[in-house]
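Dear colleague,

I am passing on the structure we spoke of, with its sequence. Please look it over alongside the notes that come after it.

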Amino acid sequence: PSHQKLKARVAAVPHQKLILKMPKNSVMEKLGAPPSHFFNLQYIDSKDYEAFVKPEKKVLSHDLKKVKDEPYHLTLLAQYFPELVNEEISDENVLNLFWLQIRDSIVNDVCYSPPELCVLFAAEALQAQYGDLDRGEHSVLVNAPEQLPQRVIDQHELTADQWVERILNCWENLKGTSSQEAILDYLNVAQDLEQYGVTYFEIHNKKGTKLWLGVHNLGMDIYEYKNKVTPRLGFPWTEIANISFSDKKFTIKMIGGKSPDFKFYSPRFKLNKRILDLCVQNHKMYVDRRRKQMMGDGMTEDRATFEAKIKKTREQLAAIRNDLDSVKDSSKETAEDKYYEQQKQAGMDKYKTMKKAQSGDAKRRIEDFEGLEDDVDV
């Protein structure tokens, strides 16, 4: 498929008693992919919130938004995200669907990526789709506005032709990389981006401070309202014993019972069941992964090859960054750029930042959460 969004016309379903698991699996089958627990059908509800269907519910019992004279539309998307793509997605078609979704989230700036990495991603995407570069044939395929976030284009004083040349040069360096290898290389880097696989919900503490809750495959993080890149506080799934909500208040009980309950408030009651379901399923998948790892059920990797590839990627990114820095307009940096650069200058990456957010005992982090103010600086 040329893109990851596939519209499923639920109106064509023959009768209301059909279980929704069947359409999802049918969509996957039409795309040549087996059923996958990562994917689900997303819909827009009557309040314009995004939601995923529940396999146990009937098709039309969901609160689907209805547009007059239009069928209902569902979008096939990954609802859950693997920690290690190369170990958890083995089917090529499922991998391709997942890659298309991640690629679109980066190009559309939903998942923040620094400029140099965006250029490398654009080249890897072209390598995956068209193979080794043939400048005579392939130059017309490069179109920066379709392959880079608009933020990156706006921040650099380059013409359309100059962007094409930079992407082509990067593509040329990927000669000999198979389509599957290019996709895996892309995803192995993308899964380490700060916003990879994070679903955000607006919440607040007792003071009413507006914050973001980020739910992902390793736990739940708290972000200041102005910064969805760097978590302020974190709670890994290993610490959490139980999650529940009553009306707009969530209560998280910690393992061991020595810490007070972690409580936050979600202003949109309609979303609370969705928050709970997302947390419960991510927690379950986390436990399942750790159980398999303890049993030695995982792919073995050629460490020398992996290290060589990482070194080459770092060298490529350094060269692209040096080139882009020479034509960069710093006045057009976004808040996300600045937060990312602060972390990079401090020697931090996604996992170091996460570890820092989870540092100290849970009691102290819960107290810090209650003390957060709207104007706190990072």
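The notes below cover a pocket, a nonpolar core and two helices.

The model is predicted, and for that reason local features were taken only at pLDDT of at least 70 and side-chain atom pairs only at pLDDT 80 or more, while totals for chains, interfaces and linings use all residues. Residues are numbered from 1 along each chain as its sequence is written, and side-chain values use heavy atoms, with hydrogens and water left out.

To begin with the pocket, the second largest one holds about 1,700 Å³ of space (a pocket is an open set of points on a 1 Å grid over the protein atoms alone, where a 1.4 Å probe fits, with protein on both sides within 12 Å along at least five of seven lines; lining residues have an atom within 4 Å of a point; the volume is the space filled by probe spheres set on the points, which are joined across faces, edges and corners). Its lining is made of 48 residues, of which N188, V189, D192, I310 and T313 are the closest to the centre. Helix 11 gives the most to this lining, with 12 residues (helices are DSSP runs of H or I with at least four residues, numbered from the N terminus), and among the other elements that give two or more are helix 9 (179-190) and helix 12 (335-345).

Turning to the interior, the largest nonpolar core has 91 residues, and F98, M220, I222 and F262 have the most contacts inside it (such a core is a set of buried Ala, Val, Leu, Ile, Met, Phe, Trp, Tyr and Cys residues joined through side-chain atoms within 4.5 Å; buried means under 20% relative accessible area, exposed over 50% and partly exposed in between, with a 1.4 Å probe and protein chains only). Helix 4 supplies the largest share of this core, 10 residues. Residues up to four places away in sequence aside, F98 touches F39, A78, F81, P82, V85, I89, L187 and Y196 (contact means heavy atoms within 4.5 Å).

In helix 12, the residues D337, Y339, Y340 and Q343 are buried. They lie on the same side of helix 12, because they cover an arc of only 165° around the axis (the arc is that of the directions from the helix axis to the C-beta atoms). Helix 7 (150-154) and helix 13 are included in what covers them.

Lastly, E172 belongs to helix 8 (residues 160-172) and is partly exposed, with a relative accessible area of 42%. Leaving aside neighbours within four places in sequence, E172 is in contact with L133 and R135.

With best regards
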